[in-house]
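Colleague: I would love your help with a close look at the charged side chains in this model. Could you walk me through them at your own pace?

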Amino acid sequence: MNNYPVTIQIVMADDHEIFRDGFAILFRRVPDIVLIGSASNGRSLMNLVETTKPDVVLVDIEMPEMDGIEVTKLIRERFPQIGVIALSSYDNDVLVIDTIKAGAQGYLLKNASKREILEAIRAVHQQENYYSPHIAQRLTRFIATSRFDPHNPLASEIRFSEREQEIMRLICSELSNRDISEKLFLSIRTIEGYRLRIMEKAGVRTVAGLVVFAIRRGIFKL
């Protein structure tokens with residue numbers, strides 16, 4: 001059995017009870033992930049997030065009262081330290097882009113395997129992005145064809161130091177804060193500070209958005 005250093009607390013929302021029950025059974029068998037609450041609609045999920053402050057939230061995109069995209073925006077605005085993984089039955093282009101723009105750090109189809117679900121939760125908990133392989137391929141295509149634009153009107157006025165550009169390229173290459181700190185011989189706290197500053201200056205919330213920004217500025221190439 002793997003020895004995980006931390007326990008990840010999660011909450012989830014889905015309007016189908018059988019789906020919530022299935023996830024509850026899955027997480028009972030996982031030593032490092034604990035499901036501390038579930039909800040059947042977006043409004044109840046927000047109340048749950050506010051009271052429990054989980055590490056990661058699994059949110060169904062299509063829910064009554066408040067949809068998953070709106071919930072994702074609220075969570076990322078109010079609790080930026082909480083990771084969000086979107087769950088959907090659809091891989092519609094617009095839905096994927098809107099969800100990631102809202103701040104979701106992961107996107108999984110509901111037919112994802114147990115391994116994918118657990119990998120996504122652990123990755124997002126480490127402040128990394130996780131998209132199912134099919135979704136990741138589509139994101140690459142969106143970026144390459146300029147169909148995904150974070151739309152930052154002040155982008156041309158933003159200036160980045162050489163060190164910031166170097167770290168930006170490493171972030172876009174999907175290196176974790178620890179990987180970057182070891183590569184550049186800087187502390188993890190220093191890298192975390194750079195990451196926050198870079199994302200803020202670029203006006204993006206996710207690595208996918210930063211990749212688009214960096215490509216358009218000529219800082220990063222696929």
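To set the scene, what percentage of the 222 residues in the protein chain do buried residues make up? After that, please take me to the salt bridges, and to the charged residues that stand apart from them.

Modeller: Happy to. Please keep in mind that this is a predicted model. Buried residues account for 50% of the 222 residues in the protein chain. The secondary structure comprises 10 helices and six strands. Among contacts with a separation of 6 or more, 65% are between residues 24 or more positions apart. As for the outside, the accessible surface is about 11500 Å², and carbon and sulfur atoms supply 48% of that.

Now to the charges. Side chains of opposite charge can pair when their charged atoms come close. Searching the whole structure gives nine salt bridges, and I will take you through some of them.

Let's begin with Asp14, which sits in the loop between β1 (8–13) and α1 (17–28). Asp14 belongs to a network of salt bridges together with Asp60 and Lys110. With a relative accessible area of 0%, Asp14 is buried. If you set aside the neighbours within four places in sequence, the contacts of Asp14 are Phe19, Arg20, Ala39, Ser40, Asp60, Met63 and Lys110. Both network partners, Asp60 and Lys110, therefore appear in that contact list, around a residue that is buried at 0% relative accessible area.

A good contrast is Glu116, in helix α5 (residues 114–125). Glu116 is buried too, yet has no salt bridge. The nearest side chain of opposite charge is that of Arg115, 5.3 Å away. A salt bridge needs a side-chain nitrogen of Lys or Arg within 4 Å of a carboxyl oxygen of Asp or Glu, and Glu116 has no such partner. Not counting residues up to four places away in sequence, Glu116 touches Leu108, Tyr130, Ser132 and Pro133.

Next, follow helix α7 (residues 162–172), where Arg163 and Glu166 form a salt bridge with 3.0 Å from N to O. These two residues are three positions apart in the helix, so about one helical turn separates them. Arg163 is partly exposed at 31% relative accessibility, and Glu166 is partly exposed as well, with a relative accessible area of 29%.

Helix α7 also reaches out to another part of the chain. Glu164 makes a salt bridge with Lys201, and their closest N and O atoms are 3.0 Å apart. This pair links distant parts of the chain, as Glu164 is in helix α7 and Lys201 in helix α9 (residues 188–202), 37 residues apart. The two ends differ in their cover: Glu164 is buried, with a relative accessible area of 6%, whereas Lys201 is partly exposed at 28% relative accessibility.

Another link of this kind joins Glu50 and Arg78, whose closest N and O atoms are 2.7 Å apart in a salt bridge. Here, too, distant parts of the chain are connected: Glu50 lies in helix α2 (residues 42–52) and Arg78 in helix α3, with their positions 28 residues apart. Glu50 is partly exposed at a relative accessible area of 31%, and Arg78 is partly exposed at 45%.

Helix α3 (residues 68–78) also holds Glu70, which brings us to the surface. Glu70 joins Asp15, Glu62 and Asp67 in a negative surface patch. Glu70 is partly exposed, with a relative accessible area of 40%. Patch residues need over 30% relative accessible area and no salt bridge, so Glu70 at 40% clears the area cut-off.

Finally, two loop residues deserve a look for their backbone. Gln127 has a phi near 65 degrees, a positive value in a residue other than glycine. Gln127 lies in the loop between α5 and β6 (130–131) and is partly exposed at 35% relative accessibility. Glu174 also has a positive phi, of about 70 degrees, although it is not a glycine. Glu174 is found in the loop between α7 and α8 (177–184), and is exposed, with a relative accessible area of 66%.

Methods: Residues are numbered from 1 along each chain as its sequence is written. This is a predicted model: local features need pLDDT of at least 70, side-chain atom pairs count only at pLDDT 80 or more; totals for chains, interfaces and linings use all residues. Side-chain values use heavy atoms; hydrogens and water are left out. Patches are made of residues with over 30% relative accessible area and no salt bridge: like charges are joined within 9 Å, nonpolar side chains (Val, Leu, Ile, Met, Phe, Trp, Tyr) within 5 Å. Accessible areas come from the Shrake-Rupley method with a 1.4 Å probe; for residues, only the protein chains shown count as cover. Lys and Arg count as positive and Asp and Glu as negative; His and the chain ends are not counted. The place of a charge is taken as NZ of Lys, CZ of Arg, CG of Asp or CD of Glu. Helices (H or I, at least four residues) and strands (E, at least two) are DSSP runs, numbered from the N terminus. Buried means under 20% relative accessible area, exposed over 50%, partly exposed in between (1.4 Å probe, protein chains only). Contact means heavy atoms within 4.5 Å.
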